[in-house]
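The following paragraphs lead the reader through one structure, from its general outline to single side chains. The sequence and the model are shown first.

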Amino acid sequence: MAMASILPASSGVGAESDRVLKSMDANRYATKKTIAQGMLDIALLTANASQLKYILQVGEKHEFYGLMLTLISISIILQVSAAMLAVILTLVNLHGGEVQRKVANILNHFSLGFVVVALFCDVIKMNFGLDPAIPYIHN
């Protein structure tokens with residue numbers, strides 16, 4: 001709901017502040033926030049793909065090769081799953097009845113769980129060192 005639709009009509013005093021408040025639209029804010037979040041999700045997925053490429057190039061010379069490969073793979077799978085759930089959530093009609101609201105709520109909880117576990121994997125992964133600036137000595 002737009003801010004202007006819930007504000008009382010003004011008598012002309014403070015017309016500038018009324019104009020500013022009328023220009024603040026909740027739907028527009030939500031749209032911008034969703035777009036920004038989508039861009040951050042794409043950036044994280046791109047970073048994970050880059051890290052996967054790096055760990056595969058280094059191979060088993062990396063001391064945590066198995067762990068890193070597993071964490072990166074889990075993170076990518078969960079990010080893609082959360083994105084697919086987000087697309088499915090857009091198709092659910094929240095005004096269609098109680099059953100559809102429950103389905104949307106369950107899908108939303110799963111999506112949140114996927115994102116939290118992916119974040120956990122990313123935090124653990126970054127603590128085990130994935131620094132391409134440190135060259136590995138080829139024996």
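A residue counts as buried when its relative accessible area is under 20%, as exposed when that area is over 50%, and as partly exposed in between. These terms recur throughout the account below, which concerns a predicted model.

The outline of the chain may be taken first. Its secondary structure consists of 5 helices and 0 strands, and along the sequence the pattern reads α-α-α-α-α. The chain has 139 residues, of which 20% count as buried. It exposes about 10,200 Å², and 69% of this area is supplied by carbon and sulfur atoms. Among contacts with a separation of 6 or more, 66% join residues that are 24 or more positions apart.

An annotation from a record can be laid over this outline. The unreviewed UniProt entry assigns the label "transmembrane region" to residues 64–94 and 106–126. In the model, the span of residues 64–94 is 87% helix and 0% strand, and its end C-alpha atoms are 45 Å apart. Residues 106–126 are 100% helix and 0% strand, with 30 Å between the end C-alpha atoms. Helix 4 comprises residues 65–91, while helix 5 comprises residues 98–127.

Charged side chains come next. Side chains of opposite charge can pair when their charged atoms come close. The structure holds 2 salt bridges. One of them joins Glu-98 to Arg-101, with the closest N and O atoms 3.1 Å apart. These two residues stand 3 residues apart in helix 5, and therefore about one helical turn separates them. Glu-98 has a relative accessible area of 45% and is partly exposed; Arg-101, at 41%, is also partly exposed.

The other salt bridge links the side chains of Asp-122 and Lys-125, at 2.9 Å from N to O. Both residues belong to helix 5, where they are 3 residues apart, about one turn of the helix. Are the partners of this bridge buried or exposed? Asp-122 is buried because its relative accessible area is 8%, a value under the 20% limit. Lys-125 is buried as well, since its relative accessible area is 1%.

Which residues does Asn-48 contact, apart from its neighbours within four places in sequence? They are Ile-72, Ser-75, Ile-76, Gln-79, Asp-122 and Lys-125. The list thus includes Asp-122 and Lys-125, the two residues that meet in a salt bridge. Asn-48 itself is found in helix 3, which covers residues 26–58. With a relative accessible area of 1%, Asn-48 is buried.

Aromatic side chains provide a further feature of helix 5. A pair of aromatic rings is described by the distance of the centres and the angle of the planes. The structure holds 1 aromatic pair. It is formed by Phe-110 and Phe-114, whose ring centres are 6.3 Å apart and whose planes meet at 50 degrees, so the pair is tilted. Both residues lie in helix 5, 4 residues apart, which is about one turn of the helix. Phe-110 is partly exposed, with a relative accessible area of 48%, and Phe-114 counts as partly exposed at 25%.

Phe-114 also offers a point of comparison with helix 4, where Ile-74 has its place. Ile-74 and Phe-114 are 40 residues apart in sequence, and their C-alpha atoms are 9.9 Å apart in space. Ile-74 has a relative accessible area of 34% and is partly exposed.

The surface completes the account. Which residues make the nonpolar surface patch of about 240 Å²? Leu-45, Val-80 and Met-84 make this patch. Val-80 lies in helix 4 and counts as partly exposed, because its relative accessibility is 35%. That value also satisfies the requirement of over 30% relative accessible area for a residue to belong to a patch.

Methods:
Residues numbered from 1 in each chain as written. Predicted model: local features only at pLDDT ≥ 70, side-chain atom pairs only at ≥ 80, totals over all residues. Heavy atoms only, no water. Salt bridge = Lys/Arg side-chain N within 4 Å of Asp/Glu carboxyl O. Buried < 20%, exposed > 50% of the residue type's maximum accessible area, 1.4 Å probe, protein only. Patch = residues over 30% accessible without salt bridge, like charges linked within 9 Å, V, L, I, M, F, W, Y side chains within 5 Å. Areas by Shrake-Rupley, 256 points an atom, 1.4 Å probe, with all protein chains shown as cover. UniProt positions renumbered as here; feature names shortened; annotations may be inferred. Phe/Tyr/Trp six-rings, centres within 6.5 Å; stacked < 30°, edge-to-face > 60°. Contact = heavy atoms within 4.5 Å.
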